[in-house]
Amino acid sequence: MKVLIVYNESDPEIYEQAPEISEEDLDFKPYFDLENSNPIDEYEAMAKALRRAGYDAYTLNIMDNLQHFFDNIDKNKPDVVFNLMELYKDVAIQEMNFAGLLELLDIPYTGAPPLALGTCQSKILTKRILSSIGIRTPNYRLVKSLNKPFRINLNYPLIVKPALEDASVGIEEESIVYNVDALKKRVKYVLEYFAQPALVEEFIVGRELNVAVFGDKEPEVLPISEIDFSKLPDDLHPIVSYQAKWDPYHVAYHKTIPKCPAPLSNKIRKEAEEIALKAVKAVGCRDYARVDMRLSEDKRLYVLEVNPNPDLQQDAGFMRSARTAGYSYSRALKMIVDFAYMRKRGSNGK
Ligand SMILES: Nc1ncnc2c1ncn2[C@@H]1O[C@H](COP(=O)(O)OP(=O)(O)O)[C@@H](O)[C@H]1O
Ligand SMILES: [Mg+2]
């Protein structure tokens, strides 16, 4: 089986920078490494893991030029494309179009189909679909401009997010607001800085759960992971902010610690599993996906978003859950390739 791992990092040099700060410069004790992992190394590690599983895997960086991809598939004729393509020429919606191209070319590929990738890019569309089948999501308003007076009609505290970003982009301390002045200020910032509508949601005080779903025809829910906020300094909100996700010199990065499996009662665990399966099915994800939820203090589960094709790095959420379920990295990756390959065989009757 020949597997092409395809990704698009138009500027791979940016990952070569050495850390400028050492542990002694920080006023807290880091929990993780001070170096962000280099995604290019991770793609190579994936290829290596697939080779360990017996597959002939190799990587291709498209470098913002589709011709590289066409030349490569003509030459190598991969059986499956492992689709890790996200931005193309910095445009997020091209992620779905690339999956569409793979459909047109009739090449088996891993992960979500175009429609699911497009749907989940809009948190609003996702929320509408989920609420229509009775899945709870935080109450919200979409604010497109501040020209007209607006009545928000939601209960504070609120969180203001860019409606079309992901990976905690635009999620900071200032995103959580307690009054209308702070709300307007943050909405203005999102409208101007991100040039997109602001999604204003009721802030769910409570715990944060990541629920990974694995499989195609009969997906299974992997052990649930929790982000432990208990070590965060009191002046920081318990959220996965941009700093918590990406800034290795920030205290939030080291004090938002994933725990898997999350200690949950059987009742809540089952409920979270059912919600995750229903949510993933409703938006059309497949192979691997992750549903982000909050569990409120009154024990209600709210879905924040559904992530198709979540990060597959070894230390990221999906693989942590897979490992806890007993799947090695190499086995989990091989299974994802197999889902794609079998789906194609199934549909062609070959
Ligand atoms: N309504 C909410 N209530 C509480 N926390 C939230 C809410 N919405 C977002 N957050 C926090 O912000 C983080 C990022 O939000 P999310 O909607 O998952 O967007 P993304 O991960 O795509 O940036 C979440 O992991 C959570 O910590
Ligand atoms: Mg999220």
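1. A residue counts as buried when its relative accessible area is under 20%, and as exposed when that area is over 50%. Please keep in mind from the start that this is a predicted model. With the cut-off in hand, S330 is easy to place: its relative accessible area is 11%, so it is buried. S330 belongs to helix 11, which covers residues 329–348.

2. Let us stay with S330 for a moment. What does S330 touch, once neighbours within four places in sequence are left aside? Its contacts are A49, R52 and A53. With A49 there is also a polar link, since the side chain of S330 reaches the backbone oxygen of A49 at 3.2 Å. From C285, by contrast, S330 stands 22 Å away between C-alpha atoms, with the two positions 45 residues apart along the chain.

3. Helix 9 is a good next stop. It runs over residues 266–283, and its 18 residues should span 26 Å at 1.5 Å a residue; the end C-alpha atoms are 26 Å apart, so expectation and model agree. Its buried residues are I268, A272, I275, A276, A279, V280 and V283. Viewed down the axis of helix 9, these buried residues fall within an arc of 125°, and therefore they line one face of the helix. K267, E274 and K281 sit on the other side of helix 9 and are exposed.

4. Which elements does the buried face of helix 9 meet? Two of the partners are helices: helix 4 (114–121) and helix 5 (123–132). The others are strand 8 (206–215), strand 12 (287–296) and strand 13 (301–308). Just after helix 9 comes G284, which takes a positive phi of about 85°.

5. Strands 12 and 13 return at the metal site. The magnesium ion (ligand 2) is coordinated by D292 through OD and by E305 through OE, at 1.9 to 2.2 Å. D292 lies in strand 12 and E305 in strand 13, so the pair ties together parts that are 13 residues apart in sequence. Are these two residues buried or exposed? Both D292 and E305 are buried.

6. Helix 2, residues 66–76, can be read in a similar way. F69, N72, I73 and N76 are its buried residues. They cover an arc of only 95° around the axis, which puts them on the same side of helix 2. On the other side of helix 2, D74 and K75 are exposed. The buried residues pack against strand 1 (2–7), strand 2 (56–61), strand 3 (80–83) and helix 3 (94–105).

7. Both ends of helix 2 are worth a look. At its start, a side-chain oxygen of N65 comes to within 2.9 Å of the backbone nitrogen of Q67. After the helix comes K77, with a positive phi near 45°.

8. Now for the cysteines. How many disulfides does the structure hold? The count is 0. C260 is in no disulfide, and the nearest cysteine sulfur, that of C285, is 19 Å away. C285 is in no disulfide either; the nearest cysteine sulfur to it belongs to C120, at 4.3 Å. A disulfide needs two cysteine sulfur atoms within 2.5 Å, so neither distance qualifies. In surroundings, C260 is partly exposed, with a relative accessible area of 22%, whereas C285 is buried at 10%.

9. K127 is found in helix 5, one of the elements that the buried residues of helix 9 pack against. The relative accessible area of K127 is 1%, so this lysine is buried. Leaving aside neighbours within four places in sequence, K127 is in contact with T137, P138, Y140, L199 and E201. E24 lies elsewhere: K127 and E24 are 44 Å apart, C-alpha to C-alpha, and 103 residues apart in sequence.

10. Finally, E208 is found in strand 8, another of the packing partners of helix 9. E208 counts as buried because its relative accessibility is 7%. Its side chain joins that of R294 in a polar contact of 2.7 Å. Apart from neighbours within four places in sequence, the contacts of E208 include S225, E226, I227 and F229. V240, M293 and R294 are also in contact with E208.

Terms used. Residues are numbered from 1 along each chain as its sequence is written. Chains are lettered from A and ligands numbered from 1 in the order in which they are written. This is a predicted model: local features need pLDDT of at least 70, side-chain atom pairs count only at pLDDT 80 or more; totals for chains, interfaces and linings use all residues. Side-chain values use heavy atoms; hydrogens and water are left out. Helices (H or I, at least four residues) and strands (E, at least two) are DSSP runs, numbered from the N terminus. The expected span of a helix is 1.5 Å times one less than its number of residues. Buried means under 20% relative accessible area, exposed over 50%, partly exposed in between (1.4 Å probe, protein chains only). The arc is that of the directions from the helix axis to the C-beta atoms. Contact means heavy atoms within 4.5 Å. Donors are N, O and S atoms within 2.8 Å of the metal (3.2 Å for Na, K and Ca); water is not among the atoms, so sites may look incomplete. A polar contact is a pair of N or O atoms within 3.5 Å; within protein, one must be able to donate a hydrogen and the other to accept it, and residues adjacent in sequence count only if both atoms are side-chain atoms.
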